[in-house]
Amino acid sequence: MNKEKNNKPSKELPLGFVDRKEKELLIRDFIISKIKEVMIKYGFQYLETPSFEYSDSIGKFLPDKERPDEGVFSFKDENKWLSLRYDLTAPLARYVAKNYLEIPKPFKRYQLGTVWRNEKPGPGRFREFLQFDADYVGTKSLQADAELCVMISEILEKCGLSKSEYIIKISSRKITEELFKKLNLKDNQQKLTALRALDKIDRLGWSSVKELLGEGRKDKSGDFTKGANLTSQNIEVLERELNKKSPETQDLLEILKIFKDYNFDNFEFDPSVIRGLEYYTGVIFEVNLNFEVKNNKGQAVQFGSIGGGGRYDNLINNFGNYDAPATGISIGLDRLVYALMQKKEFKLKQSKPIVICVFDKKSMKEYIGLQSILRKAGISTEIYPGENKLKKQMEYANKIKSPAVILYGENEIKSGKPTLRELRSGKEKAIEIKELVNEIKKII
RNA sequence: GCAGCAGUAGCUCAGUUGGUUAGAGCACUAGUUUGUGGAACUAGGGGUCGGUGGUUCGAAUCCACCCUGCUGUACCA
């Protein structure tokens, strides 16, 4: 505010962008370490692609408007549009097409990376976030799809979730595909609207979804959404068919069998799982958390899934004639962290530094001596940055949650025994330098 | 994008039917005789009351438009 008047730069962040603090980052690092561990065990290759791609390489539609399709951040560079990637699947497809002759087939890769979406943010949902993707390219075998599900649940459990706290929901695009054929729906737009409506069963329930399949629906705020305009008979058929409790399509029957061989049972067949993306062609899955997530005001909030994926046998073909059926999964890491932070107490070693107080600049040599002894022992240590009163130095140590300060003033230097003051209890005692490391290890 | 609600210090808010130099708590800074934090006490900094225009002798308070945030909804290739 008043930017022009006082001419100061804004300290506000752009909508949907956030500063991430240490606690969150440590949990994220922990999750990433688990992911890598599991990925190596499952034999996936690690890949990184750039943040920017040519807009036409990562979108199905070429940007022919003033700006490339809404939803991405783009700019024009020497007459070519560049976009920040909005997911990791599109860059993978581009990568496979570009390196088709060299890569092994099938090609298994995993990737961690920031993606950007120019959309409205929500709780735990930002415009810049970290995604984890694992994909199998070049095989139609449903064993690949099954393994992705098994693998993702292993990761979640390694992150501390129990079986009852998450579930993999599974379905297939073939179900709706066959249904639409049966109902003789031809209009692509109508089919798409219907799919999107069906995708909301979880959140809105059947009665609202039926409105969306028909003429439309008015939401709580009074806003009206146009529907797919299906006939009421067709809506009835959809509801009946999609309420079936057991799968009938070939692919699902097969993957269920594979799950059994894996001894994997933390999944649930749910024909209402649709997933918005158009490019899916077969089995689809979604990772859902079974506990309530709250926003920073403590209100429970619609959180949705933390990730999902499925089979996309035609996507890579967009780049040319490649025989590259594929299946993949992606997890929104920041969303997972957001949820996990509420659910779990993480005992993360934050190892805040021991602070060596500065009494007199002239004794800097002694301070540095102590500091290097401690650092050599692997103990996080710092000499108080500055020359303030002791009181200020103590306040500083307290603020950064240092476990202890070392007082090494005139008296201590004379006796050769620094005073170690533990900050939690306030206890302090004089300690021989050679005992210092051991004493400190007791309290951190 | 659409809809509902909201916008007063860094944070959480109070501010009576429009009336003089706009308040509190927390946080922050300095101090309480200077080698000691998390408690207490004292003092202090910080807001043109989201913006612009209007009504009025007078507006944080009323009106219009805009901006921003929250929630829902849509979109999310």
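This report covers the confidence, domain layout, domain contact and backbone details of chain A.

**Confidence**

The model is predicted. Chain A has a mean pLDDT of 86. Of its residues, 91% reach 70 or more. Two stretches fall under 50, and both are worth treating one at a time. Residues 1-7 stay under 50 in pLDDT. For them the model has four contacts beyond four places in sequence. Residues 60-65 are also below 50. That stretch has eight contacts in the model beyond near neighbours in sequence.

**Domain layout**

The domain assignment divides chain A into domain 1, domain 2 and domain 3. Domain 1 is made of three segments: 12-49, 85-185 and 230-343. Domain 2 covers 198-228. Domain 3 covers 354-443. Residues 60-65, with pLDDT below 50, fall outside the listed domain bounds.

**Contact between domain 1 and domain 2**

The C-alpha centres of domain 1 and domain 2 are 24 Å apart. Domain 1 brings 16 residues to the contact, and domain 2 brings 10 residues. The area buried between them is about 1,100 Å². Carbon and sulfur atoms give 59% of that area.

Which three residues supply the most of the area that domain 1 buries against domain 2? They are Leu-230, Ile-235 and Glu-239, with 39%.

Glu-239 also takes part in a salt bridge, with Lys-210 as its partner. Their closest N and O atoms are 2.8 Å apart. The count between domain 1 and domain 2 is two salt bridges. The polar contacts come to seven residue pairs, with both residues at pLDDT 80 or more.

On the domain 1 side, helix H10 (residues 232-242) gives the most, with five residues. By type, the domain 1 side that touches domain 2 has five nonpolar, six polar and five charged residues.

**Backbone details**

Two asparagines have a positive phi although neither is a glycine. The table gives their values and places.

| Residue | Phi | Loop |
|---|---|---|
| Asn-229 | about 60° | between strand E9 (224-226) and H10 |
| Asn-263 | about 65° | between helix H11 (250-262) and strand E10 (267-269) |

The loop of Asn-229 leads to H10, the helix that gives five residues to the side of domain 1 touching domain 2.

Where does the chain hold a cis peptide bond? One joins Lys-105 and Pro-106, with omega about 0°. Pro-106 is in the loop between helix H4 (89-98) and strand E5 (107-116).

Definitions and conventions:
Residues are numbered from 1 along each chain as its sequence is written. Chains are lettered from A and ligands numbered from 1 in the order in which they are written. This is a predicted model: local features need pLDDT of at least 70, side-chain atom pairs count only at pLDDT 80 or more; totals for chains, interfaces and linings use all residues. Side-chain values use heavy atoms; hydrogens and water are left out. Domain bounds come from an automatic or database domain assignment. Contact means heavy atoms within 4.5 Å. Buried area is the accessible area (1.4 Å probe) that two parts lose on being put together, summed over both. A salt bridge is a side-chain nitrogen of Lys or Arg within 4 Å of a carboxyl oxygen of Asp or Glu. A polar contact is a pair of N or O atoms within 3.5 Å; within protein, one must be able to donate a hydrogen and the other to accept it, and residues adjacent in sequence count only if both atoms are side-chain atoms. Helices (H or I, at least four residues) and strands (E, at least two) are DSSP runs, numbered from the N terminus. Ala, Val, Leu, Ile, Met, Phe, Trp, Tyr, Cys and Pro count as nonpolar, Asp, Glu, Lys and Arg as charged, and the others, Gly among them, as polar. pLDDT is the predictor's confidence in each residue, from 0 to 100.
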